Amino acid sequence: QKEGSAINFEAKKYVFVKVPGTFSEFSGTVSVDGDKLSKIDGIIKVSSFDTQNEKRDASIKAPDYLYLDKFPNITFSSTQITDNSVKANVTIRDIEKELEFKLSDLDITSSSVKFSLNTVVSRQEFKLDGHYGWAIVDDVEVSADIFASK
């Protein structure tokens with residue numbers, strides 16, 4: 001459910017200038033077993049990448065970085081979930097890597113599930129290194145606040 005959910009990121013350029021952004025279009029499923037998460041799958045639309053700077057956004061959606069025209073989605077599929085972490089296969093472009101996310105703020109009720117995920121993504125691991133890549137710090141902080149109705 002998009003209402004109450006958000007996917008955000010923050011990159012740094014020139015080491016100290018923060019560039020925040022969001023992905024506004026995403027969908028997925030969350031499975032629960034009792035009071036535990038058992039599976040999380042998601043799709044993020046690359047077209048919804050937004051840093052509030054049209055020129056920068058167009059550059060990031062171009063072939064040097066996310067390559068929207070060829071790879072319209074980023075996918076997420078959990079492989080292991082514990083009380084405080086989620087391991088997931090994440091595919092950006094055509095590269096799949098297993099990443100570990102910190103799991104926090106889990107709240108499971110009879111009608112909904114809420115939780116937060118946080119990790120750091122290496123641009124180099126996903127070959128996101130366009131012509132201005134030298135100016136951007138490799139590590140990108142990613143957070144997701146998810147609210148799902150049962």
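Is Thr51 buried or exposed? In the predicted model analysed here, Thr51 has a relative accessibility of 8% and therefore counts as buried, since the limit for that class is under 20%. The residue is placed in the loop that runs between strand 5 (49-50) and helix 1 (54-61). Its side chain makes a polar contact of 2.4 Å with the side chain of Asp57. When neighbours within four places in sequence are set aside, the residues in contact with Thr51 are Phe9, Val19, Pro20, Gly21, Arg56 and Asp57, so that Asp57 appears both in this list and as the partner in the polar contact.

The loop between strand 5 and helix 1 also holds Gln52. With a relative accessibility of 71%, Gln52 counts as exposed, whereas Thr51, at 8%, counts as buried. The backbone of Gln52 has a positive phi of about 65 degrees, although the residue is not a glycine. A positive phi in a residue other than glycine is likewise found at Arg93, where the value is near 60 degrees. Arg93 lies in the loop between strand 7 (85-92) and strand 8 (95-108), and its relative accessible area of 19% places it in the buried class, because that class comprises values under 20%.

The strands on either side of Arg93 pair in the antiparallel sense, with 8 bridges between strand 7 and strand 8. Within this pairing, Val90 stands opposite Lys97 of strand 8. The hairpin formed by the two strands has 2 residues between them, and it is in this hairpin that Arg93 takes its positive phi. Strand 7 is also paired with strand 6, again in the antiparallel sense, over 6 bridges, and Ser78 has Ala88 of strand 7 as its bridge partner. A hairpin of 3 residues joins strand 6 to strand 7. Strand 7, which thus pairs with strand 6 and with strand 8, is mostly covered, as 6 of its 8 residues are buried.

A search of the whole structure returns 2 salt bridges. Side chains of opposite charge can pair when their charged atoms come close. One salt bridge is formed by Lys36 and Asp83, whose closest N and O atoms are 2.7 Å apart. Because Lys36 lies in strand 4 and Asp83 in the loop between strand 6 (73-81) and strand 7, this pair ties together parts that are 47 residues apart in sequence. With regard to accessibility, Lys36 counts as partly exposed at 39%, while Asp83 counts as exposed at 57%. A salt bridge is also formed by Asp41 and Lys39, with a distance of 3.6 Å between the closest N and O atoms. Both residues are partly exposed, Asp41 with a relative accessible area of 26% and Lys39 with one of 28%.

Strand 4 (residues 36-45) further includes Ser38, which counts as partly exposed at a relative accessibility of 38%. Apart from neighbours within four places in sequence, Ser38 is in contact with Ser31, Val32, Asp33 and Ile81. By the C-alpha positions, Ser38 and Leu68 are 31 Å apart in space, with a separation of 30 residues in sequence.

Methods
Residues numbered from 1 in each chain as written. Predicted model: local features only at pLDDT ≥ 70, side-chain atom pairs only at ≥ 80, totals over all residues. Heavy atoms only, no water. Helix = DSSP H or I, 4+ residues; strand = E, 2+ residues; numbered from the N terminus. Buried < 20%, exposed > 50% of the residue type's maximum accessible area, 1.4 Å probe, protein only. Contact = heavy atoms within 4.5 Å. Polar contact = N/O pair within 3.5 Å; in protein donor to acceptor, adjacent residues only side chain to side chain. Salt bridge = Lys/Arg side-chain N within 4 Å of Asp/Glu carboxyl O. Pairing = 2+ DSSP bridges.
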